[in-house]
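Welcome, and thank you for opening the viewer. Let us walk through this model together, one selection at a time.

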Amino acid sequence: MNVLRYLPVLAAASAAPAFAVQYLSVEQAQKLMFPDATAFREQNLALSSSQMREVEKLSGLPARSVAWRVFGAYRGDTAIGFVVLDDVIGKFELISYAVGLNTDASIRQVEILAYRESHGGEIRNPAWRRQFVGKRAPAGLSIGEGIANISGATLSCTHLTDGVRRIAAIGQLLVKK
Amino acid sequence: MRRRAQPWLGTLVEVTLAQGLADADADAAIATAFERVALVHRLMSFHETGSDVSRFNRAQAGEVLAVHPLTWQVLKLASEIAEASERAFNVACAPNLVAWRLLPAPAVGGPTFVPGVAVYSCEEDGQVRKLAPAWIDLGGIAKGFAVDCAVEALQAAGALAGCVNAGGDLRAFGPLAFPVLVRAPHDPRRFSESLQLRDRAMATSAGYFSRGSVAGRTVSALVDGRDGAAIVDTVSATVSATRCAVADALTKVVLATRDPGHPALAAFGADVMLRCHSPQSHNDA
């Protein structure tokens, strides 16, 4: 029996997120946050060690990363704000989100881009599998593209709240530039 | 179909618009729904110092406070459910949650939880009278209420079907059934049940994400409002009702009293959809 033949399949299965929702693409989030913008220009940020210390001082949190993905929003040649992208680990999940910042570094809007369970265990769970069976509603409409809502105790958003606070501090550096 | 999520009320709030509006109108309706949620957050957050809840917590006993009409509605509903449940549901348990470090202390040297007493009364015209030294936390019921507000905003904008989910407090409206997975109480990464929700609200409560240990005692964000004790059973309760605020509050009644037929359910047109025990819940109890 050729064990190797099965390896790619197994790897794919374990990497498949058990639960994933894609809410918005980066472009969709940009347009929702800055509907007046005529252009978004990538202005990625590499924090120097003194900037990292400043972020830590302003947010009271570890700066965590040197490199940040940032887009400047422009109407014509005028800068009207920034969109900063980040990911955080929640309790069992990875949350990708975007923070819209005004030109004074105040927070304009926070949008979740994608949410996925970081563990693969649920794939073996019968309730999880069942949601794919008969996913068409009586009206013939597929709800949630086959992905159910989750009911249960509150997911803590502590890491997300911290992430937004860190980005607000990074915003202070962006507007100083 | 459009699905968006933003962080509010200490959790992820997800808005799904499935039928009735397209493109720019759908985006505008969802934006309005999130604005309503944000308003409830600002008014009823325990953490935000400017909220009505924080103003109440800082007020002296005997003081009369003018609160936002939405806060007044939630306080009124909370007192009705407290009364119907003989205070198994009780928003005045916050001092215990502060002592267990599940909530930040609003002030040094706060009040202690006193069982069996009303700590406020709702007067006319959005006035609330603080009756005793107390800290209140509207955490769960306000989350359910925010879901109700968001659904009403979507409907007012012309949406025909959709669903709003705030960390497990859900409400679906319109003719479509929305699939819902309920977390297993003994392993919240897994799901114990899948349900269909149509034109109704539901809420699931369990202690699994908040359970911890303080000074050798097991604590939880779920409290039996009759005596202020933490509910630490490995159990979850799922209640359905027309309003999500009602569904959320009644999950606490079911968990505290362990009575899935509690008369408060019928009084508010609610019913228990699900009670999940873990295999080891007998040992915990």
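Start by selecting Val239(B), which sits in strand S15 of chain B, a strand covering residues 235-241. Keep in mind as you look around that this is a predicted model. Is Val239(B) buried or exposed? Its relative accessible area is 0%, and since anything under 20% counts as buried, Val239(B) is buried.

Now show what surrounds this residue. Leaving aside residues up to four places away in sequence, Val239(B) touches Ala201(B), Met202(B) and Ala203(B), and also Ala247(B), Leu250(B), Thr251(B) and Val254(B). Its contacts further include Leu265(B), Ala270(B), Asp271(B), Val272(B) and Met273(B). For a sense of scale, add Ser79(B) to your selection: the C-alpha atoms of Val239(B) and Ser79(B) are 19 Å apart in space, with their positions 160 residues apart in sequence.

One of the residues touching Val239(B) is Asp271(B), so select that next. Which residue does Asp271(B) form a salt bridge with? The partner is Arg200(B), and the closest N and O atoms are 3.3 Å apart. This pair links distant parts of the chain, 71 residues apart: Asp271(B) belongs to strand S16 (residues 271-277) of chain B, while Arg200(B) is in the loop between strand S9 (187-197) and strand S10 (201-206). Asp271(B) is partly exposed at 37% relative accessible area, and Arg200(B) is partly exposed too, at 22%.

Staying in chain B, pick Arg171(B) and Asp148(B), whose side chains meet in a salt bridge of 2.7 Å, N to O. Arg171(B) lies in strand S7 (residues 169-173) and Asp148(B) in helix H5 (residues 139-156), so the pair ties together parts of chain B that are 23 residues apart in sequence. Both Arg171(B) and Asp148(B) are buried.

Asp148(B) leads us to a pair of helices. Two packed helices are described by the angle between their axes and the distance between the axes. Colour H5(B) and helix H6 (residues 244-257) of chain B: they pack at about 155 degrees, and their axes are 6 Å apart. Because an angle over 145 degrees counts as roughly antiparallel, H5(B) is roughly antiparallel to H6(B). Their crossing is right-handed.

Show the side chains where these helices meet. From H5(B), select Gly140(B), Ile141(B), Gly144(B), Phe145(B), Val147(B) and Asp148(B); they meet Cys244(B), Ala245(B), Asp248(B), Ala249(B) and Lys252(B) of H6(B). By class, this contact of H5(B) with H6(B) has six nonpolar, two polar and three charged residues.

Now move over to chain A. How many helices and strands does chain A have? There are five helices and eight strands, and along the sequence they follow the pattern α-β-α-β-β-α-β-β-β-β-α-β-α. Chain A has 177 residues, and 47% of them count as buried. Taking contacts in chain A between residues at least 6 apart in sequence, 59% join residues at least 24 apart.

For a closing stop, select Lys176(A) and Glu54(A), whose side chains meet in a salt bridge of 2.4 Å, N to O. Lys176(A) lies in helix H5 (residues 158-176) of chain A and Glu54(A) in helix H3 (residues 49-59) of chain A, so the pair ties together parts 122 residues apart in sequence. Lys176(A) counts as exposed at 57% relative accessibility, whereas Glu54(A) is partly exposed at 27%. If you would like to keep exploring, a search of the whole structure finds 14 salt bridges over all chains.

Terms used. Residues are numbered from 1 along each chain as its sequence is written. Chains are lettered from A and ligands numbered from 1 in the order in which they are written. This is a predicted model: local features need pLDDT of at least 70, side-chain atom pairs count only at pLDDT 80 or more; totals for chains, interfaces and linings use all residues. Side-chain values use heavy atoms; hydrogens and water are left out. Helices (H or I, at least four residues) and strands (E, at least two) are DSSP runs, numbered from the N terminus. Buried means under 20% relative accessible area, exposed over 50%, partly exposed in between (1.4 Å probe, protein chains only). Contact means heavy atoms within 4.5 Å. A salt bridge is a side-chain nitrogen of Lys or Arg within 4 Å of a carboxyl oxygen of Asp or Glu. Axes are lines fitted to C-alpha atoms, for helices over the stretch in contact, and angles run from 0 to 180 degrees between N-to-C directions. Angles under 35 degrees count as roughly parallel, over 145 as roughly antiparallel, 65 to 115 as roughly perpendicular and the rest as oblique. A crossing is left-handed if the near helix is turned anticlockwise from the far one by less than a right angle, and right-handed if clockwise. Ala, Val, Leu, Ile, Met, Phe, Trp, Tyr, Cys and Pro count as nonpolar, Asp, Glu, Lys and Arg as charged, and the others, Gly among them, as polar.
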